[in-house]
Amino acid sequence: MTHRRRILTYAIAVAAAATAGLALPSGAVAAAPRAVTGDFNGDGYADLAVGVPQGTVGGRAEAGYVNVVWGGPRGVGAHGSIRVTQATAEVPGIPEAGDRFGASVALTDLNGDGIAELLVGVPGEDVTDRGTDAGTVIAVAGSERGPGPASSVLNGPSPSAAYGRSVAAADVTGDGNKEIVIGGTDKVVARVAQGEDSMVTTVVAAPMGGRAPVLATGDFDSDGTADLAVAYWTAGTPNTQSHVRLFTWDAERSEMANFWNTDNAGVSALATGDFDGDGHDDLALGECREIADENIDDPCGPEELAEGGGIHIHYGSSAGGSFGSRAQTLNQDTAGVPGVAEKGDRFGAALAVTDVNRDGRDDLVAGAPGEAIGSRAGAGAAWLLRGGARGLLDANGAATSTAWNQDTSGVPGVAEAGDAFGAAVAAGDYNADDVPDVAAGSPGENASLGAAWLLPRGSATGSTAFSPRTLGLPYLSTAQQYGKPLSTPQGGSRQGGSGG
């Protein structure tokens, strides 16, 4: 455990507002007040950050950049954007080949001024005295004029530490300050604000198979304070293991304490929401599959529902109850979910949470970038799975959902092999009409130049696409793989993190 100079002001102003004029179904809890989140330029519209770690900057391949796409009356994609790189004024460092600036992204209001900061993971950053690919996470202040002052949040301690593979932020200590959680190679650490200083503590250190640890935050123990969910897995070297673990802040020890596990579950995504409207946070495990047999029964639900990727949901309970004692599992063979479960679909590889119909029960957006559309392998698709009184499945085990792909009526484009539509998904009220919208990334579009889609109000009606070409970004002949990752605004609960 080490101490470092505090970089940013973390004081958080918490605002409350009443929800009026909303008829709720029986048993549902009123939806949380919708303050504008993810607003990087303070204009009252949520913005979308697109990480482009494969992007070329100044002729340097994979130096990476972040494209902040402005929200506005027509949502994202129609109001321009800015490109943030290590060549941007006040952003630490310089663009170098292989930095992968933007491997993870998050928009979060760290200082409580109503304008979001941009957190950017740079896992390929070479750090003086730390070594090659030590990695770093950079915080860029938002402002009415665009990017403001920026600082390094935390550098990796050694070569190949690759800090910044994933990042999340939430107030896990309950003191009104947001902690920044960083994933690297075989490690997750948290930077905890303490007065004018901050402390860095290791959350978990274990083999992670060369993958970015998956992060999400939510109040899983129903104590009113955010907790941290971490998922990772490895197979064969040095051994096969997989975990989804929940951590809460232990004030006496000044560290994150593990209080719940599901072992043997390998996942690609996590998302937090209240899918049954009971006021308690639930955790969705995306592309959940059992990695090895350790006499743990069905950590991802029935094995047959893991075909092509499945989503397993652990439901929260009242304070003192057992988190996850109730669970549901679904895939494309579940009644009410369009499609057929097939090997390689990767159903649930990307997740986001929103409440499109504002009924107080969260909905889950799920991407399946490996989904074949007709004979076009890997064209990809995404689903909106509706929350209900029992969660994402009703009493008969059926879901209520809508699916989209580039052959869906009203969705621009044509489904083509390798598009990977749904490789990343996000949600936000990008046109400030009090109804959330959905965004989906397609990094394989246009020979891997990439693109993203806006589905206003979670519907194909009026949907639009935007890409490096339509936004006037440079290096249009390179495979930028635009569209993954996408930012979902970060909060204390019901928000996910971002991985590379």
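Accessible areas here come from the Shrake-Rupley method with a 1.4 Å probe. On that basis the chain of this predicted model exposes about 18,000 Å², of which carbon and sulfur atoms supply 47%.

**The whole chain**

Begin with the full chain in a cartoon view, where the secondary structure comes to one helix and 31 strands. Colouring by burial will show that buried residues make up 57% of the 500 residues. If you then draw the contacts between residues at least 6 apart in sequence, 57% of them join residues at least 24 apart.

**The nonpolar core**

Select next Ile 311, Leu 364 and Leu 385, which have the most contacts inside the largest nonpolar core, a set of 24 residues. The elements that give two or more residues to this core are strands E18 (269-273), E20, E22 (350-354), E23 (363-368) and E24 (381-385). Centre the view on Leu 364, whose contacts beyond its neighbours within four places in sequence include Ala 271, Phe 275, Ile 311, Leu 351, Trp 383 and Leu 385.

**The disulfide and strand E19**

Move to Cys 288 and Cys 300, which are joined by a disulfide with an S to S distance of 1.9 Å; a search of the whole structure finds one such bond. Cys 288 lies in strand E19 (residues 282-290) and Cys 300 in the loop between E19 and strand E20 (310-315), so the pair ties together parts that are twelve residues apart in sequence. The torsion about the S-S bond is about -70°, so the disulfide is left-handed, and both cysteines are buried.

Stay on strand E19 and select Glu 287, whose side chain meets that of Arg 346 in a salt bridge (3.0 Å, N to O). Because Glu 287 lies in E19 and Arg 346 in the loop between strand E21 (326-330) and E22, this pair ties together parts that are 59 residues apart in sequence. Glu 287 counts as buried at 9% relative accessibility, whereas Arg 346, at 34%, counts as partly exposed.

**Asn 405 and Asp 407**

Go on to Asn 405, in the loop between strand E25 (401-404) and strand E26 (424-428), which is buried with a relative accessible area of 14%. Leaving aside its neighbours within four places in sequence, Asn 405 is in contact with Ile 373, Gly 380, Ala 381, Val 411 and Phe 421. A polar atom of the Asn 405 side chain lies 2.6 Å from the backbone nitrogen of Asp 407.

Asp 407 in turn forms a salt bridge with Arg 376, the closest N and O atoms being 2.8 Å apart. Arg 376 lies in the loop between E23 and E24 and Asp 407 in the loop between E25 and E26, so the pair ties together parts that are 31 residues apart in sequence. Arg 376 is partly exposed at 27% relative accessibility, and Asp 407 is partly exposed with a relative accessible area of 36%.

**His 243**

Finish at His 243 in strand E15 (residues 241-250), which counts as buried at 9% relative accessibility. Display its side chain together with those of two polar partners: a contact of 3.1 Å joins the side chains of His 243 and Gln 241, and one of 2.6 Å joins those of His 243 and Asp 263. Not counting residues up to four places away in sequence, His 243 touches Val 230, Ala 231, Tyr 232, Thr 262, Asp 263 and Ala 265.

Key:
Residues are numbered from 1 along each chain as its sequence is written. This is a predicted model: local features need pLDDT of at least 70, side-chain atom pairs count only at pLDDT 80 or more; totals for chains, interfaces and linings use all residues. Side-chain values use heavy atoms; hydrogens and water are left out. A disulfide is a pair of cysteine sulfur atoms within 2.5 Å. Helices (H or I, at least four residues) and strands (E, at least two) are DSSP runs, numbered from the N terminus. Buried means under 20% relative accessible area, exposed over 50%, partly exposed in between (1.4 Å probe, protein chains only). A polar contact is a pair of N or O atoms within 3.5 Å; within protein, one must be able to donate a hydrogen and the other to accept it, and residues adjacent in sequence count only if both atoms are side-chain atoms. Contact means heavy atoms within 4.5 Å. A nonpolar core is a set of buried Ala, Val, Leu, Ile, Met, Phe, Trp, Tyr and Cys residues joined through side-chain atoms within 4.5 Å. A salt bridge is a side-chain nitrogen of Lys or Arg within 4 Å of a carboxyl oxygen of Asp or Glu.
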